[in-house]
Amino acid sequence: MRKTFFLVFILLSVYPAFSQTTDSKITIQRSKIRVEEVLKEITRQSGIQFSYNPRSIDTKQEISFRVRKASVEEALDMLASKTPIEYTLIENQIVLNRRAEVGKIEPKTPKEPEFYTISGFVNDQSSGESLIGATVFAEGTSAGTSTNGFGFYSLRLPKGSYSLQYAYLGFTTERAEVQLGKNEKKDVGLQLIPLQLPDILVEIPMSDIMDRKQLGRLELKPKELDDMPEFGGEAGLIRGLQALPGVKTHSDGSAFFFVRGGERDQNMIIIDDAPIYNPAHLFGFYSLVIPDFTRDIKMYKNDIPVNLGDRLSSIIDVRTKDGNLNKWEFSGALNPLINRFSLEGPLRKEKSSFFTSIRRSNFQWLYKTQVPDLNMNFGDFSFKWNYKINNNNRLFFTLLNGRDALANTGAFSGSAAGIQWNNFAMTLRFNHIFSPKLFSNWILYTGNYQYKLSAPADVWHSGIANLSLKSDFTYYNRPNLTTKFGLELHGYNFNPGKILTGDLLPLFPSISQDYSRQIVWYYNLDYRFTEKWRFNAGARWTQWANLGPAQYYTFDENYDLQDTISPAKGVYKSYWRIDPRTSLQYSLDRTSSLKLSYGLYHQYIQLISNSTSPFNSFEVWLPSSPNIKPQGVHQVALGYVKYFPKQGLECSAEAYYKKMTNQIDYEPHAHTLLNPLIEGELRFGQLQSYGLELYLKKELGRLGGWISYTYSRAIRQTDAINGGRAYPAFQDRPHDFSLMLNYRITRRTLLSAYWTSYTGSTFSSPTGFTRSMTIPCRSTAKKITTASLTISGSIWP
């Protein structure tokens, strides 16, 4: 079965296109019919697509056309005999050109025409910011494309004259006449459509809309986040995510969220490719990512792109603002709880710009009188710089740093006791255009999360950090085929938690840090084989390796300590995984489509925490290792989306099924802190989840917002828990309903409301407990008996 799969995948990679059948029989019996209707009828009966310039072909011309059970070639010869048209077969479509004289032409072998590529960038004309996902279409043809994450597009067309349409939601549509006789470069600026009241009337091209309404992918704009304030009126990313279908919040005020039955660590937020391991301030009341710093936010729940990392449930891809290339802008917010300021502008007009933002809490006035020794604060700093070296090369630098502190500063003779955590992310990116068809992206990035728990003279510290290098390539083979491939190199450092200083240091065993390496190769193709059908297939090849020198423990079938292993420098354990991903999309009409997708995903790092508190920030991250196999999931999803352009309404329904393997649960009352035998506290099993997500969104007019409803189940089965019987996961909440509404009264006045309702989590209460655990001391391992757990009653009725 594996050999068959790989053979099929290789064949798809080498020759992704399949030829249209030209032996279809065409029957058209009309005494009066327009040329455009003839072409549509031939397409309907044969599946063959036509490409032509409407300025040179008179499709409104009426002719008499009668063929019965004719081949495509015979039907085209008949059309050529009645109109000044000649045809050429090119890459599964037929290109029509105007013939100098009307007259019957003899059937001939199609000749290969000349092809050229037009490429460039699409940006916001006023600020110079690149527009992600803007569409570019050649009118009168089926050829079109969309801009990538940096506003770059590439469109390959036969030699000739074309009218190109550039469109982006919320911006004016621009048209450009081009004469392709060589490779051309064309940058286009689009103008933002000003807000119109009482109604917002915008002509939105359907091609732009449907290209952006991809099932399994949800988009959030900074403006939408601004309309969803978090605690104290401050806007942020977390609240916006928790209101989306398929996303379940832990509880109000918490930053934890679960997607389609997965655990909270199975979601990853990336800022310009750099991971954010804890996206929250103040235990979840505020988000680390603010709307001012963002330009585009996409959440992938299935059909996750092969170049976006390894998580089982979701990837949230955040692209930041480059900074205004044309003028200086300043913004800020002052309120009793938060102060925030942002500045952006050109360092060199139309060449280099920057964006920076700083934010700090202002809670002292709330508690200083009653609790003068309390120190509770957070802050963050964001910075983005970009520089256009020339038309083919550009540099970007992104930095994000956030910190939190909650401490008692005077209770212990001047020694602070409390907790603090810090997020740091940095990206250095280099864009290079090798040719009009090949775009490259070279990225060096790091993510670092550190957590400290302090007591007088004692400090407990844990953390996770990565340093990564990524090369990403996009090749625009032709208008209906785009391939993406690349290589990733990652180095990880894991600190599971240890005492750094103080009187407790001699009392606890030493806990070694873990080092791991990850190498990833990926390849993907996106192929539109007709105007209605779109096929996407790809895979990630991953090698995960644990690096020595290190120390780890082995356990027997009862999870008792068996041996201590101390591997030398080098690789002492590795895993190889291949994750295929594919989807098939069918457009029912210009406003609706169906999509079926399948994906296999693996995850190699996991958050270890058996706490159900919504405000717990004790973060212990562990890598896949000899005792922890990589987590995996098979996911199948089927969805439908419909757009109503006049009303500005989008509605969608999506059903999914997921089967997860090597899912982590815990020995009852497991010790996850300061425990070198923490891997012996883990229990592994399966989790199955399934559900239905309904979504209705309104984008135009005074009244906007969305309604979402999710029915879902998440059921665990772990041999060592509940007697091996199935039981509901903590995130198993069958019903989840969210309503987000905003109403614009005037240009500067907006009313916003958010309401959510969901099923509570199940739990079982123990009636008594006894427990034993094994802790190795510095020299030997000895057994310390404390208690063992006894639960009476049923976990799941």
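Me: Buried means under 20% relative accessible area, exposed over 50%, partly exposed in between (1.4 Å probe, protein chains only). Is S440 buried or exposed?

Reply: This is a predicted model, where local features need pLDDT of at least 70, side-chain atom pairs count only at pLDDT 80 or more, and totals for chains, interfaces and linings use all residues. Residues are numbered from 1 along each chain as its sequence is written, and side-chain values use heavy atoms, without hydrogens and water. S440 sits in strand β29 (residues 438-455); strands (E, at least two residues) and helices (H or I, at least four) are DSSP runs, numbered from the N terminus. Its relative accessibility is 0%, so S440 counts as buried.

Me: How many salt bridges does the structure hold?

Reply: A salt bridge here puts a side-chain nitrogen of Lys or Arg within 4 Å of a carboxyl oxygen of Asp or Glu. D273 and R319 make one, with 3.3 Å from N to O. Counting them up across the structure gives 37.

Me: How many residues apart are D273 and R319?

Reply: Have a look at where each partner of this salt bridge sits. D273 is in the loop between β17 (267-271) and β18 (274-276), while R319 belongs to strand β22 (residues 314-320). Both partners are buried. The pair links distant parts of the chain, and the gap between D273 and R319 in residues is 46.

Me: Which residue forms a salt bridge with R319, the closest N and O atoms being 3.4 Å apart?

Reply: R319 is buried, at a relative accessible area of 10%. The partner we want is buried too, with a relative accessible area of 8%. In this salt bridge with R319, the closest N and O atoms are 3.4 Å apart, and the partner is D317.

Me: And R359 forms a salt bridge with which residue?

Reply: R359 lies in strand β25 (residues 352-361) and its partner in strand β26 (residues 374-390), so the pair ties together parts that are 21 residues apart in sequence. Both partners are buried. The closest N and O atoms of this salt bridge are 2.7 Å apart, and R359 is paired with D380.

Me: Which residues do salt bridges that share partners join into one network?

Reply: Here the salt bridges share partners, and that is what joins the residues up. The members of this one network are E129, D272, R295, D322, K384 and R394.

Me: Which residues are exposed on the other side of α2?

Reply: Start with the buried residues of α2: V35, E36, V38, L39, I42 and S46. They cover an arc of only 160° around the axis, which puts them on the same side of α2; the arc is that of the directions from the helix axis to the C-beta atoms. On the other side of α2, the exposed residues are K40 and R44.

Me: What phi does G47 take, just after α2?

Reply: G47 comes right after the helix. Its phi is positive, at about 85°.

Me: Which strands stand at the edges of the open sheet, each with a single partner strand?

Reply: Two strands pair if DSSP finds at least two bridges between them. The sheet has 5 strands in the order β14-β21-β22-β17-β18, with mixed pairing. A single partner strand leaves one side of each edge strand without a neighbour in the sheet, so the ones to name are β14 (217-220) and β18.

Me: Which residue in β18 is the bridge partner of I269?

Reply: β17 and β18 run antiparallel and are joined by 3 bridges. In β18, the bridge partner of I269 is I276.
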